[in-house]
Each structure stands twice: as structure tokens, then as C-alpha cells.
Amino acid sequence: MSEPNDPLEILLNLLDLERIEEDIFRGMSRPAVVPRVFGGQVAAQALVAAGRTVPEERGAHSLHAYFLRSGDPGAPIVYQVDRIRDGRSFTTRRVVAIQHGQPIFHLSASFQTAEEGLEHQEPMPAAPDPETLPEAAELLPRHADKFPDPTVIDRLLEARAAVDLRNVEDPPFLTAGVVREPRSQVWFRTRGKLADDPLLHVCLATYVSDMTLLDSVLLAHGRGGWAIGDVIGASLDHAMWFHRPFRADEWLLYDQQSPSASGGRGLGTARIYTRDGRLVVSVIQEGMIRIPRS
């Protein structure tokens, strides 16, 4: 059978883990912008592994994760699921991702049976219509002179081939040297329709959530990021709360900001809204951000 060449199909295959034993799964990787496994990929795959041990009627409502070691993109990743608790309303799973005999990632995820309760949310911030913003394939090539390595543009476009991600304002790698407000917004959706599987949409949002969350940290210091080479960085931990149902194949606004950076670490916080203004996800991530030594 020939390999798929549609970027979204390739990504969906990446998330379709192989079950090799009860509560043990295996996943592969794809090339990333940096020479290690993309953090959003391992987080999404770990959530897939957890979700496949949970009754379908219980949806993911939160995850908390730590990135322990850089992943090897050329080797399979084994995901071991520990069934921590199966309660009447909530189910808890712990997942360890292993490569070369060592844990590279830990995730705890909680799932809940749908129920009614109190309702309120923070209003959606102002943002332009996503259809008025340029796609990455239009935006990046016109700024080729900003990148020391000319292959970076191709790697960035490949990493985003399955997801239409549109920056409201220029991303940090296009304005290196300019200090800006520590806030950024992107619209995103998959490049194609997805099956009506709530876990799949949650996992795809998890995948995308690691792409731009620390951009707001870089903006506050006029740094362009790893694509420019003026910082060295990596995700340290990641947390998400899924408030309401949503579809990852429909436009979602990722509103991100950074309240603090210190000690070689930067904190990013974010909210994800549907196009009609529903708050569906909250995200927090801390990353290692260091200035390279000359």
C-alpha cells in the first residue's frame, strides 16, 4: 500500500497509534523545525493513548504534562498507559512516553462524563476575520531575507502543511530586534474535514497548541526565536483544560500572552475561542528560553 501524501492524512496517521499490548501503544514521528520530536506531537499522541483506554462517553477535560528529554524523530515512541482511577464521573490516566529505554514525556489526563452545571466565560477578545489574513505559504517566502538558514522556510511550511495557521500580527521571527507587547494571536484549523470524534479534535488542538504559545515571551524581548537562532528553547511543561466541545476543522482563535519570564524560563498563557466567541480551551506552558553564548 502506498504512503499517503496529503498532509492532513499524514498527521492523522501519526495520531493513529498502534496498539502493541494492553495499555501499550507505539507511535512514529515526523520531521520538525528543530532536530527533535515536536512537543505538540508527543503530547497529542499521549492523549490518544490515554483516550483509547477510556469509555467513549467520557471526554477529555484536562491534561498536565512534562517534557523530560528531547525525542529522537527517527525512532518509535512507546506509550505506556497507567489506569489510575475509574470513578462514577471521572477517569484518570497517566501516560509515560519512552524512547531508547528512557522516559521522554509524562502526561496525566482526566476524562469526565458530560453533565450540566454553572456556566460563565471570559469574553472573546477582538480579532480580525481569519479569511482576511495571509496564509503561511504567502507570508513566509516574502521574508526569506530574515532567516540565516534558507531551509527554515521550507521546514516551517512543512510543519504547518496540515494546519492552516494565520498570524494576526507578524510572528517574532519576522520582527527580531523589535520589542513588542507580550501578546500574540493566531487563527487555526485543519486543512480538511475531520471525523466526528471529539477525542480527535481535542488531540489536534493539543498538537497545535505547542506551535506558538511561547511567541509572546519572545515578543517582549525582541527575540526572533529558534528559527532565527537568537534563543535556545524547549517546552518544559504544558497544561490544558477543555471547557466546551469544539471542532478543530473550524476556525479557532488562539489568544496568547506572557505574564512573566525569569531564570531562563518563560511562561505563556492562552485561551482558545471558536469563531462565534465560545471559550473552549485554556492553555498554560512554561519553556526554557536561553540566550546563546557567543
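Is aspartate 23 buried or exposed? In this predicted model, aspartate 23 is buried, because its relative accessible area is 13% and the cut-off for a buried residue is under 20%. The residue sits in the loop between β1 and β2 (24-27), and its phi is near 65°, a positive value in a residue other than glycine. As background to that value, most residues other than glycine have a negative phi.

**The sheet**

The loop that holds aspartate 23 joins two strands of an open sheet, whose twelve strands follow the order β1-β2-β4-β5-β6-β3-β9-β12-β11-β10-β8-β7 with antiparallel pairing. The edges are taken by β1 (18-21) and β7 (163-167), each of which has a single partner strand, so one side of each is left without a neighbour in the sheet. From one strand to the next, the twist averages 25°.

Several of the strand pairs can be set side by side, each with one pair of residues that face one another across the bridge.

| Strand pair | Bridges | Residues opposite each other |
|---|---|---|
| β5 (residues 90-99) and β6 | ten bridges | threonine 91 and phenylalanine 111 |
| β3 and β6 | nine bridges | glycine 59 and glutamine 112 |
| β3 (residues 58-67) and β9 (residues 232-242) | five bridges | tyrosine 66 and aspartate 237 |
| β10 and β11 | nine bridges | leucine 253 and tyrosine 273 |
| β11 and β12 | nine bridges | glycine 266 and glycine 287 |

Strand β11 (residues 265-274) is largely enclosed by the rest of the structure, because seven of its ten residues are buried. Its two partners in the table, β10 and β12, are each joined to β11 by a hairpin. In the hairpin of β10 and β11 there are two residues between the strands, and glycine 263 takes a positive phi near 60°. The hairpin of β11 and β12 has four residues between the strands, and in its turn glycine 277 has a positive phi of about 95°.

A further hairpin is formed by β5 and β6, with two residues between them. Histidine 100 lies in this loop and has a positive phi of about 50° although it is not a glycine. Histidine 100 counts as exposed, because its relative accessibility is 63% and the cut-off for exposed is over 50%. Aspartate 23, which also has a positive phi without being a glycine, is by contrast buried.

**Helices against the sheet and against each other**

Helix α5 packs on the sheet, where it touches β3, β6 (102-113), β7, β8 (183-190), β9, β10 (252-262) and β12 (279-290), and its direction makes about 145° with that of β9.

Helix α5 (residues 198-212) also packs with helix α1 (residues 7-15), at an angle of about 105° and with the two axes 12 Å apart. That angle makes α1 roughly perpendicular to α5, because values of 65 to 115 degrees count as such. On the α1 side the contact is made by Leu11, Leu12 and Leu15, and on the α5 side by Leu200, Leu204 and Tyr207. Sorted by class, this contact has six nonpolar residues, no polar residues and no charged residues.

**Nonpolar cores and a buried serine**

How many residues does the largest nonpolar core have? The largest nonpolar core has 57 residues, and those with the most contacts inside it are Val42, Leu47, Tyr79, Phe105 and Phe242. For leucine 47, once neighbours within four places in sequence are left aside, the residues in contact are Ala60, Leu63, Leu107, Ala109, Phe111, Leu199, Val202, Cys203, Thr206 and Phe242. Another core, of eleven residues, lies apart from the largest one, and among its members are Ala136, Ile153, Phe173 and Ile228.

Which residues are in contact with serine 216, leaving aside its neighbours within four places in sequence? They are Pro182, Arg183, Ser184, Gln256, Gln257 and Ser258. Serine 216 is found in helix α6 (residues 215-219), and it is buried, with a relative accessible area of 0%.

Terms used: Residues are numbered from 1 along each chain as its sequence is written. This is a predicted model: local features need pLDDT of at least 70, side-chain atom pairs count only at pLDDT 80 or more; totals for chains, interfaces and linings use all residues. Side-chain values use heavy atoms; hydrogens and water are left out. Axes are lines fitted to C-alpha atoms, for helices over the stretch in contact, and angles run from 0 to 180 degrees between N-to-C directions. Angles under 35 degrees count as roughly parallel, over 145 as roughly antiparallel, 65 to 115 as roughly perpendicular and the rest as oblique. Contact means heavy atoms within 4.5 Å. Ala, Val, Leu, Ile, Met, Phe, Trp, Tyr, Cys and Pro count as nonpolar, Asp, Glu, Lys and Arg as charged, and the others, Gly among them, as polar. Two strands pair if DSSP finds at least two bridges between them. A nonpolar core is a set of buried Ala, Val, Leu, Ile, Met, Phe, Trp, Tyr and Cys residues joined through side-chain atoms within 4.5 Å. Buried means under 20% relative accessible area, exposed over 50%, partly exposed in between (1.4 Å probe, protein chains only).
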